[in-house]
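Here is a walk through one protein model, with its ligand. Please keep the sequence and the 3D view side by side as you read.

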Amino acid sequence: MLIRRPRPGDSAAIRPSEITSESVYLNRRKLLQAALAAGVAGIGTGWVSEAGAVADLKVQRNPKYSLSDAPNSYEDITTYNNFYEFGLDKGAPAANSSRFKPAPWTVSVQGEAEKTGTFALEDILKGHAIEERVYRLRCVEAWSMVIPWAGVPLADVLKQFKPTSKAKYVAFKTVLRPEEMPGQRSGVLDWPYVEGLRIDEAMHPLSLLAVGLYGKTLPNQNGAPLRLITPWKYGFKGIKSIVEIRFTEKQPPSTWNISAPHEYGFYANVNPKVDHPRWSQARERKIGAGLFGSRVPTLMFNGYEKEVASLYQGMDLKKFY
Ligand SMILES: Nc1nc2c(c(=O)[nH]1)N[C@H]1C(S)=C(S)[C@@H](COP(=O)(O)O)O[C@H]1N2
Ligand SMILES: [Mo]
């Protein structure tokens, strides 16, 4: 018997019926409370509004994080997704997430830190400017996209909770809402989705807590209202719709590692020299670059080798994949 093991998204083509066109999408935005109140980096009561809608954000472009490639279109970024809570096909998250309610939103902060508890999203972000950073997202399935994220350096957010010296890792958890997330009513993965980083990875300046893209709040399919971005790692580390942050002494479990430990490790650093057991990681297909995309070489640490290589000095990256 052949058991088809799930993996972080399939390379199945999007059926036209699954595509939410940009105009349909934009019409759905309705009118938002215009007043993304001043102060607090543009966050107010209109932070995220009704399901399916996005609001403008006040963002400051950070030119330090740019790429020579043009960003993918808003359409590509919001209709070609992996978010198994809403289904397995690339078009499923856009098609099935309109009933998901990303507001109001709280995050529970727990574990090895001085300040723990449940906090409103606005309070966690208070006082932090929202930066726009263009990063390449490299999926473990060997495709990539260029995305202008809006977010706050993860380190800045984490430091306000004063992690103790026992905080060696940070664990993240996605919301569990089977009533709003049809994929969670299936057993394809252990729910809720969980991920984690070593504390030095979490505190690295590249790590971003994203709250938007293209200058607007995150659409549900991209992980509203906040998700993780670690651009030197495979996309599945970028856990979406985060409701819990926990500082831990031991390495936390991660969903894809639980699902298929020989295929997906805890580190998941982009590495063209360490192939997935079932396919090569040497090259990637650029989404949106022509009908079949263009295949280009994958760069070590997704192009961030200079910045992050020192985090893994002395580690055998074939073993710690
Ligand atoms: N909770 C949750 N987070 C998730 C996933 C998921 O299925 N569930 N998929 C991951 C994978 S495999 C990728 S490639 C990225 C895709 O992010 P995007 O859809 O915003 O491009 O989200 C990651 N975060
Ligand atoms: Mo992925």
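Start with Pro 277, which is exposed, with a relative accessible area of 55%. Exposed means over 50% relative accessible area, buried means under 20%, and partly exposed lies in between (1.4 Å probe, protein chains only). Pro 277 sits in the loop between α7 (255-259) and β12 (283-286). Helices (H or I, at least four residues) and strands (E, at least two) are DSSP runs, numbered from the N terminus. The C-alpha atom of Pro 277 is 9.5 Å from that of Tyr 264, and the two residues are 13 apart along the chain.

Some ground rules help here. This is a predicted model, in which local features need pLDDT of at least 70, side-chain atom pairs count only at pLDDT 80 or more, and totals for chains, interfaces and linings use all residues. Residues are numbered from 1 along each chain as its sequence is written, chains are lettered from A and ligands numbered from 1 in the order in which they are written, and side-chain values use heavy atoms, with hydrogens and water left out.

Move on to strand β12, which holds Arg 283. Arg 283 is partly exposed, at 39% relative accessible area. Its C-alpha atom lies 4.7 Å from that of Thr 298, although 15 residues separate them in sequence.

Now turn to the ligand. Where does ligand 1 sit? Ligand 1 occupies the largest cavity. A cavity, on a 1 Å grid over the protein atoms alone, is a set of points where a 1.4 Å probe fits but cannot get out. A molecule sits in one if more than half of its atoms lie within 2 Å of its grid points.

There are 18 residues around ligand 1, and Asn 81, Tyr 84, Glu 85, Gly 238 and Lys 240 come nearest. To be near, a residue needs a heavy atom within 4 Å of the molecule. The shell divides into 9 nonpolar, 6 polar and 3 charged residues. In this scheme Ala, Val, Leu, Ile, Met, Phe, Trp, Tyr, Cys and Pro are nonpolar, Asp, Glu, Lys and Arg are charged, and the others, Gly among them, are polar.

Look at the polar contacts next. Each is a pair of N or O atoms within 3.5 Å; within protein, one must be able to donate a hydrogen and the other to accept it, and residues adjacent in sequence count only if both atoms are side-chain atoms. Asn 81 places a polar side-chain atom 2.8 Å from an oxygen atom of ligand 1. Glu 85 has a polar side-chain atom 2.8 Å from a nitrogen atom of the ligand. Arg 227 has a side-chain N or O atom 3.0 Å from an oxygen atom of ligand 1. On its own, ligand 1 has 530 Å² of accessible area, and the protein covers 100% of it. Such areas come from the Shrake-Rupley method with a 1.4 Å probe; for residues, only the protein chains shown count as cover.

Next comes the loop between β9 and β10, where Gln 221 lies. Is Gln 221 buried or exposed? At 4% relative accessibility, Gln 221 is buried. A polar atom of its side chain lies 2.8 Å from the backbone oxygen of Thr 78. Gln 221 is also 8.6 Å from Ala 95, C-alpha to C-alpha, with the two positions 126 residues apart in sequence. Ala 95 belongs to helix α3 and is partly exposed, at 43%.

The backbone has some unusual spots. Most residues other than glycine have a negative phi, and most peptide bonds are trans. Ala 224 and Pro 225 are joined by a cis peptide bond, with omega about -5°. Pro 225 is in the loop between β9 (216-217) and β10 (227-229). The bond from Ala 103 to Pro 104 is cis too, with omega near -5°. Pro 104 lies in the loop between α3 (92-96) and β2 (106-111).

Positive phi values appear at Ser 241, about 45°, and at Lys 162, near 50°. Ser 241 is in the loop between β10 and β11 (242-248) and is buried, at 0%. Lys 162 is in the loop between α5 (154-159) and β6 (169-174) and is partly exposed, at 47%.

How values were computed:
1 Å grid on protein atoms, 1.4 Å probe; cavity = no way out; pocket = protein on both sides within 12 Å on 5 of 7 lines; lining within 4 Å.
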